[in-house]
Amino acid sequence: MRKTLAITSAKLIKAGGKVFRKQGTALPGLLAEKIDPDLLSKLVKDNFPKGIIVVTGTNGKTTTSKMIGDCLAMSDISFIRNTAGSNLRRGIIATILAHSNTKGYCTADMAIFEVDEAYIPIVCNELQPKMIVVTNLFRDQLDRYGELDSIAKKFSETFKKLQTTLVLNADDPLVASLGRSASNPTLYFGISDYSGEKIENDHTADSVFTNVNGEKLHYLQRYFGHIGIYTSKNSDYSRPKPDFDLTKMRKMSSQSSKFDVKTSTETFSLDLSQPGLYNIYNCLAALTVLSSVGVNYDLISDSFTHTEAAFGRGEVLQYNKKSLQLLLIKNPTGFNQIIQTFLKQKPQTNPVLICINDNIADGRDVSWLWDSALEDIKSYSGKIIVSGTRAYDMALRLKYAGFDVSSLSIEPDLKKALILLTHSLKVSETGYVLPTYTAMLSLRELIASQGNHQVKDMSE
Amino acid sequence: MKPIKILHLYPDRMNIYGDFGNIIALTKRMEWRNISFEYHTSSVGDKLQSDYDLIFMGGGQDKGQVAVAKDLQSKSSVLHDHQMRDVPILTICGAYQLFGKYFITVEDEEIPGIGLFNVVTKATEYRMIGNIVISSDIFGEMVGFENHSGETELLSGATPLGKVIKGYGNTKTSDYEGVIEKNAIGTYFHGSFLPKNPSVADYLIEKAIQLQAPNYTLDSLDDWLESESSNISKER
């Protein structure tokens, strides 16, 4: 009874929302959650016979989920998926309701849900996922999430109570440790061959100590932050051998990469249509999931060749007849990966717009700018514009990284900054736009208001 | 003049919330004035020298702090000697707490500090998070971001760093933030503290140079961008 009332009300408010063109995709979920607090477990109980995949971690949730989804879309497995904007409990409920009838029945075989780290302890027991992917754990919005160790502890307590298979990043010591503290079946993915570009001024290594007595891990290779190949005197904390192991890096460019992945039985050759080491990790996580749910290799390989960037995560949009590439930055590790993949690449002349907001969804604290490796690109010769509510904080960060302040443009207003950027762009050039989350949403809206049909609405 | 010898304590374990920006601010402001410096670090198990001119230690995650608290005891007397010689010292958050007399955890366990500051800290379940503005006679207005659950009480004779204009400060209800004893400063300001508060950065640099040249005064720098970003922080 309650279930039906909750579902009907949510569907009504969603229909109303469409009429008024409101963006609140999670609002129906919020209402349904209020009417029937147990709705989520009820919805899950009768649906998704092939299981639920949960994707969480600091960076890469959206892209990993999208890569899994893009491939499943080519297979005969039907699925539903939430979006980055609805990765809290209410958003998951809203996503299921949007795809189900008034009895709460959904025809999809599977569901892929990216879940905000803070909501893992809240929703996992209800979702009883088939698999949980943890991409990585980095310092991120400490004012909101708290310290990393406390997140890992909550994850570990949650996982212990589930039968779920864990898909973990072997190269992140904190994430890998989750596989040892729980008795769940575990699959690891990792990179054993990388000798490319690295960040020199990296201040983002958070988990280089073991939990036991604060002993330091020994790194044979450090790729970025605390990601790499490490050992420990206490073998419990050494890097586990990846089940999906990148053993040969063949090519990396600022558009794509090519590499071999070895499992216990075979070796895959993959072409990934996304740039950067961080996207290779997302791809390995997706590969582990897809392969485990039985999708065949040819289909997986084909889908990675064509997969396009997710919302704001590397997508290229047109504005005033100029190309802009949106590169979301949320935390120092993510910022450093954008620096490594794009801004450190020669010729270092593309104009750049950095938009820093400090709204709640961005994190009110902007101290993370000081942990980001701007020193690595102090000789960048392209035009740099800073914008957003904390434009001056970004300008100050650049000043102390060694940039010439007199050549910076400081324009807190996003629209004016966007115009400045397009004016300084040559027709053949792509402008790099590095926004925080709320700045990214506003920029996409500005670009859409120019009649750009590439920009899909929030619900994708 | 000999190069200014900077000591950064536990940079590998106490480096959260952009605290490294304080080292960037100190060294850049010396570089811009052609003041030469050496950058030294010391972590768990490392020995200290006896002749640093400027000491910095940042905040850390709780896990990082346990090993540090233990190791800090072995460095206590050398650090006290530095304070007695008027060496400028800046400690942020967790470091501020460990430089006090003791820290009482939520489980009511007492972690001894090194007592450089006459303060004591008690962990609470409440997190004091947000933009903060304080003011003092020496430094004028200071801005930053605080994020702590420990409440620090100043014992008799301890002087606060500043009076709270906006935000929490040492405790939920305190009117004051931080502590200053001789040239040693303890504060909850993250964010980073020194880039947006150049008066404090320059105070530390000047005091460090005065150890060699007592009458030395620093040249001023063009700080319009520092002031502008501080003003914006005050409104957020």
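**Close-up views of a predicted two-chain model**

**View 1. Helix H15 of chain A and its cover.** The buried residues of H15(A) are covered by elements of chain A that include strand E12 (313-319), strand E13 (322-327), strand E14 (352-355), helix H14 (414-424) and strand E17 (430-435). Cover here rests on contact (C-beta atoms, placed from the backbone, within 7 Å). Helices (H or I, at least four residues) and strands (E, at least two) are DSSP runs numbered from the N terminus. The model is predicted: local features need pLDDT of at least 70, side-chain atom pairs need 80 or more, and totals for chains, interfaces and linings use all residues. Residues are numbered from 1 along each chain as its sequence is written, with chains lettered from A and ligands numbered from 1 in the order written.

**View 2. H15(A) along its length and down its axis.** The helix takes in residues 437-449, 13 in number. From first C-alpha to last, H15(A) reaches 19 Å, close to the 18 Å expected at 1.5 Å a residue (1.5 Å times one less than the number of residues). Tyr437(A), Ala439(A), Met440(A), Leu443(A), Arg444(A) and Ile447(A) are its buried residues (20 or more other C-beta atoms within 10 Å; exposed is 12 or fewer, partly exposed in between). Down the axis of H15(A), these residues fall within an arc of 150°, so they line one face of the helix. Just after H15(A) comes Gly451(A), with a positive phi of about 80°.

**View 3. Gly225(A), a glycine in a loop.** Strand E7 (218-224) and strand E8 (227-231) of chain A flank the loop that holds Gly225(A). Gly225(A) counts as buried because 29 other C-beta atoms lie within 10 Å. Its C-alpha is 4.2 Å from that of Ala205(A), although 20 residues separate the two along the chain. Leaving out residues up to four places away in sequence, Gly225(A) touches Phe138(A), Asp202(A), Thr204(A), Ala205(A), Asp206(A) and Thr333(A).

**View 4. The loop between H12 and E14 of chain A.** Helix H12 (332-343) precedes this loop, where Pro347(A) is found. The peptide bond between Lys346(A) and Pro347(A) is cis, with omega about 10°. Gln348(A) belongs to the loop between H12 and E14 as well. Its phi is near 55°, positive in a residue other than glycine. Most residues other than glycine have a negative phi, and most peptide bonds are trans. Gln348(A) is partly exposed, with 14 other C-beta atoms within 10 Å.

**View 5. Lys182(B) between two strands.** The loop in view joins strand E11 (179-181) to strand E12 (184-187) of chain B, and Lys182(B) sits in it. Lys182(B) is not a glycine, yet its phi is positive, near 55°. Lys182(B) has 15 other C-beta atoms within 10 Å and is therefore partly exposed.

**View 6. Where chain A meets chain B.** In this interface, 26 residues of chain A are in contact with 30 residues of chain B. On the chain A side, helix H7 (142-145), helix H8 (148-160) and helix H13 (391-401) each give two or more residues. H13(A) supplies the largest share, six residues. The model scores ipTM 0.96 and pTM 0.92.

**View 7. Chain A, the setting for the close-ups.** Chain A holds 15 helices and 17 strands. Its C-alpha atoms fill a box of roughly 65 × 60 × 45 Å along the principal axes. Of its 460 residues, 52% are buried. Among chain A contacts between residues at least 6 apart in sequence, 71% join residues at least 24 apart.

Key:
The arc is that of the directions from the helix axis to the C-beta atoms. Two residues are in contact if their C-beta atoms, placed from the backbone, lie within 7 Å.
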